[in-house]
Amino acid sequence: MALQYTHPRNILVQTLKTLYDYGMTTTSGGNLSIKDEDGNIWITPGGIDKGSLRPEDIVRVAPDGTVHGLHKPSSELPFHKSVYQLRDDVKAVLHAHSPALVAFSLTRRMPDPTLIPSAARICGKVAFAKYEIPGSEALGNIIAQEFAKGNDSVIMENHGAVMAGKTITEAFARFEALDYVARIQINAASFGGSIQPLEGKLPKCSYPEFIPDVVSAAECELRDELANFRARAYHQRLLFSGSAFLSARLSDKDDFLITPSNFDPMYLDAPGIVRMRMGMREAGKTPSTATPICRNIFNKCPWVNSILMMRPPYIMAFAVTNNKIDSRTIPESYIMMRDVPILSSKEYFSDPDAVVKVLSPANPVVLIENCGVLTTGKTILEAFDRLEVSEFTAKCIIMASRLGELSPINDQQVSDIIEAFKLPIA
């Protein structure tokens, strides 16, 4: 998202609205600030409803400490000021109380961003700060000292979390990614076992460029569809920064569309999608690191026209604990997911054929350890439906496990479903 022409007031209002709408803070909780090129600190006010904040409610604190605005600045202004004083590179500070991060703060623990790809890069260095009275100079000094050590994200004991960044977008991405990791770990605790580490990463690939000679109506429509499902996935919290790819076949001639590397999950639009043709990338764009895997699937699995992979927090609880997800919960889950194979992250990263080997019309969904759930379909809609159902199913299983022993659909009932709906047989 390009923010250079957007006033700090509007940036803060929009960011806080996103935090509030997604349940990452409460009516009275959380505060954000931006330091501009003149040394002014633009900060959210104290005691004002975060659910209906307006640009005129934002307060400006001049370099000499003079306050300009309709309200008093947030009571947490001291730690914002302290961070800016000790870190010249920081131009935005975000503090909020997501339930998952508060849960970690209450248990004196920190989420582990290294469990899943990209999260550690997004979150930066994570630290833990001891408790002090909110709004006090003492708390400001404690937090600022953690950032002075080079940390980028700080869990605050019995309080919440605070993130710093060169922009508010970077600070928000850090908060969102760490919150996702925290929720995954909390959900994984339902299994009572240990969480396994991530092994390896996808290699970086270079591709020659090509300039498309024509953009067809079909391509435009497919780009719009991918962008719309990106927005839908983000709205439903199936997606966060650096956590996914969406792709769709354009033709049978090694020609497909895929989301770019490290795309913004909140704002990616149709023109930002990357076209890949015969192993070449659309000029000026960098495709997802998963491009070789998608290309392989499209070339070897003619029944697949769309591939999605995301890291929703419930199904990721299965992925980080190497627990097989049983889709035999309700008929819809089995119909959409079928039996779900699980791949190790090591296999996924080292063998481009690993997914192809387990994928079939009878096994359209694959769980990849620590990496996410990969869903396929004849259309983007079908692949997205399978993604939704996969997260829904994982959530149901975790909730049911707290009530008692699960009773899945039996083999005869499964056979009846396969026959009634004419499902492909493995």
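For what follows, Ala, Val, Leu, Ile, Met, Phe, Trp, Tyr, Cys and Pro count as nonpolar, Asp, Glu, Lys and Arg as charged, and the others, Gly among them, as polar. With those classes, the lining of the second largest pocket has 13 nonpolar, 9 polar and 6 charged residues. I will come back to that pocket. Please keep in mind that this is a predicted model.

First, the overall form. The protein has 14 helices and 17 strands. Its C-alpha atoms fill a box of roughly 70 × 60 × 35 Å along the principal axes. The radius of gyration is 23 Å, which agrees with the value near 22 Å for a compact globule of 426 residues. Buried residues account for 54% of the 426. If we take contacts between residues at least 6 apart in sequence, 69% of them join residues at least 24 apart.

Next, the inside. The largest nonpolar core has 77 residues, and L19, L94, L101, I116, F175, M310 and I325 touch the most other members. The element that gives the most to this core is α6, with 12 residues. A second, separate core has 27 residues, including F256, F298, Y348 and F349.

Which residues does M310 touch, not counting those up to four places away in sequence? Among them are A233, L238, L239, S243, A244 and L246. Further along the chain numbering, C371, G372, V373 and L387 are also touched by M310.

Now the pockets. Rolling a probe the size of a water molecule over the atoms shows where empty space is left. The largest pocket holds about 750 Å³ of space. It is lined by 32 residues, and the closest to its centre are S118, L202, S261, N262 and T289. By class, that lining has 17 nonpolar, 10 polar and 5 charged residues.

The second largest pocket has a volume of about 550 Å³. Its lining has 28 residues, with T169, A173, S241, D264 and P265 the closest to the centre. Three helices, α1 (8-21), α4 (119-123) and α6 (168-188), each supply at least two residues of this lining. Which of the elements gives the most? That is α6, with 7 residues. So α6 gives the most to the largest core and also the most to the lining of the second largest pocket.

A few individual residues are worth a look. Most residues other than glycine have a negative phi. S118, which we met in the largest pocket, has a positive phi of about 75° although it is not a glycine. S118 sits in the loop between α3 (99-106) and α4. Is S118 buried, exposed or partly exposed? Its relative accessibility is 25%, and buried means under 20% while exposed means over 50%, so S118 counts as partly exposed.

R237 also has a positive phi, near 60°, and is not glycine. R237 lies in the loop between α7 (217-235) and β10 (245-251). At 12% relative accessibility, R237 counts as buried.

Last, G135. This residue is in the loop between β6 (126-129) and α5 (137-148). With 24% relative accessibility, G135 counts as partly exposed. Where does the chain come back to G135? Leaving aside neighbours within four places in sequence, G135 is in contact with S75, E76 and P78. The C-alpha atoms of G135 and S75 are separated by 4.9 Å, although the two residues are 60 apart along the chain.

Technical notes: Residues numbered from 1 in each chain as written. Predicted model: local features only at pLDDT ≥ 70, side-chain atom pairs only at ≥ 80, totals over all residues. Heavy atoms only, no water. 1 Å grid on protein atoms, 1.4 Å probe; cavity = no way out; pocket = protein on both sides within 12 Å on 5 of 7 lines; lining within 4 Å. Points joined across faces, edges and corners; volume = space filled by probe spheres on them. Helix = DSSP H or I, 4+ residues; strand = E, 2+ residues; numbered from the N terminus. Core = buried A, V, L, I, M, F, W, Y, C linked by side-chain atoms within 4.5 Å. Buried < 20%, exposed > 50% of the residue type's maximum accessible area, 1.4 Å probe, protein only. Contact = heavy atoms within 4.5 Å. Rg over C-alpha atoms; globule rule 2.2 N^0.38 Å.
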